[in-house]
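Please read these comments with the structure open beside you, and take them one at a time. They are written for someone who is new to looking at folded chains.

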Amino acid sequence: LRGYLSGPVQPVEIPIPMTATTAVVHLSNVRLEYGGRAVLRGINLSVAKGSMTAVLGPSGSGKSTLLAAITGELVPAQGQVEVFGQPVPRDARGLLAMRKRLGVLLQGNGLLTDLTVLENVALPLRAHSGLPAAEIQARALAKLEAVGLAAAADRFPRELSGGMARRAALARALALDPPLLLCDEPLTGLDPIASGVVMSLLRQLNQSLGLTCIVVSHHVRETLPVCDQAVVVANGGLAFDGTPEALQASQDPLLRQFLDGSPH
Ligand code: ADP
Ligand code: MG
């Protein structure tokens, strides 16, 4: 035993099959509807661990609806949604456990106006981490540092620019170190410079933390270059699923119309 312990450590190669098990999000034949009216039909989608996936498509095509199926807000009328290799729970307890591992950045930022930036970021830690106050403070500050906002920790949301508020909301979404981040239109209301900052920040977090990101956006030019996978939602289904390069090069008339006509 002694000789065994002091010998060189042999790395054990465990082959990981490239199947649904390595996908952080997996949808198969999913149908999503409101009041019996289908918005999306026959959706198949896999988002690999550590990838950054752009969900693009015109306004009203069903991008937010697709996210709602991943968070469990919307139960599919048909098909299966798996997150972290498990079907999305339908009971409150299971859903809460899944959502603690899910960072969500919504369009309105959702920052509480009566709290400072630091207090906003500390909220999820207060609610769910069970850590002592000093540790919560330290972790919240570290998250603000990660988004370049440490100097604004004691400011109130109304004192922030649009881009800073978006980054503060991002820090809060990441407070519990979720392995998966969902962003719904993270560039809305931001000027081109702030948009560039937010997208490159998302990419940096994706690459440095191995954070899997799904970014819903209709801003193709800003979003596509920093992603690994691109999906286009149109006409009730996925009009494209592939690499950003393949999408850019597509000659499909519907895709070209969307790509060439999208806002700058
Ligand atoms: P996107 O995010 O791509 O702009 P949405 O997913 O918000 O599109 O909406 C897709 C379609 O579903 C739209 O026609 C919209 O009006 C409809 N829709 C969205 N949410 C609801 C809802 N809660 N009830 C009924 N219809 C909805
Ligand atoms: Mg939307």
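The points below go through some helix contacts, the core and a few backbone angles.

1. Please keep in mind throughout that this is a predicted model, and that the values quoted here are computed from it.

2. A good place to begin is helix H4, which covers residues 117–128, together with helix H6, which covers residues 162–173; the two pack at an angle of about 30°, and their axes are 8 Å apart. That angle makes H4 roughly parallel to H6, since angles under 35 degrees count as roughly parallel. In passing H6, helix H4 makes a right-handed crossing.

3. Which residues bring H4 and H6 together? From H4 come Val117, Asn120, Val121, Leu123 and Pro124, and they meet Ala168, Ala171 and Arg172 in H6. Sorted by character, the residues of this contact are six nonpolar, one polar and one charged.

4. Helix H4 also packs with helix H5 (residues 133–146), here at an angle of about 120° and with the axes 9 Å apart. H4 and H5 are therefore oblique to each other, and their crossing is right-handed. On the H4 side the contact is made by Val117, Leu118, Val121, Ala122, Leu125 and Arg126, while H5 contributes Ile136, Gln137, Arg139, Ala140, Leu141, Lys143 and Leu144. The residues of this contact of H4 with H5 divide into nine nonpolar, one polar and three charged.

5. It is worth asking which residues of H4 are buried. They are Val117, Leu118, Asn120, Val121, Ala122, Pro124 and Leu125, and the buried residues of this helix pack against H5 and H6. Just after H4 comes glycine 130, which takes a positive phi of about 70°.

6. The largest nonpolar core of the model has 67 residues, and those with the most contacts inside it are Val55, Val121, Ala171, Leu181, Val215 and Val231. Two of these names have appeared already, as Val121 of H4 and Ala171 of H6 both take part in the contact between those helices. Leucine 181, for its part, touches Gly103, Leu105, Ala173, Leu174, Leu211 and Cys213, if residues up to four places away in sequence are not counted.

7. Please look next at phenylalanine 84, which has a positive phi of about 55° although it is not a glycine. Phenylalanine 84 is found in the loop between strand S4 (78–83) and strand S5 (86–87). It is partly exposed, with 16 other C-beta atoms within 10 Å, and it touches Val24 and Arg101, again leaving out residues up to four places away in sequence. Phenylalanine 84 and leucine 106 are 22 residues apart in sequence, and from C-alpha to C-alpha they are 21 Å apart in space.

8. Glutamate 185 is another residue other than glycine with a positive phi, in this case near 50°, and its place is in the loop between strand S7 (180–184) and helix H7 (192–209). Is glutamate 185 buried or exposed? Glutamate 185 is buried because it has 20 other C-beta atoms within 10 Å, and a residue counts as buried if there are 20 or more.

How values were computed:
Residues numbered from 1 in each chain as written. Chains lettered and ligands numbered in written order. Predicted model: local features only at pLDDT ≥ 70, side-chain atom pairs only at ≥ 80, totals over all residues. Axes fitted to C-alpha atoms, helices over the stretch in contact; angles between N-to-C directions. Helix = DSSP H or I, 4+ residues; strand = E, 2+ residues; numbered from the N terminus. Parallel < 35°, antiparallel > 145°, perpendicular 65-115°, else oblique. Left-handed = near helix turned anticlockwise from the far one by under 90°. Contact = placed C-beta atoms within 7 Å. Nonpolar A, V, L, I, M, F, W, Y, C, P; charged D, E, K, R; others polar. Core = buried A, V, L, I, M, F, W, Y, C linked by C-beta atoms within 7 Å. Buried ≥ 20, exposed ≤ 12 C-beta atoms within 10 Å, placed from the backbone.
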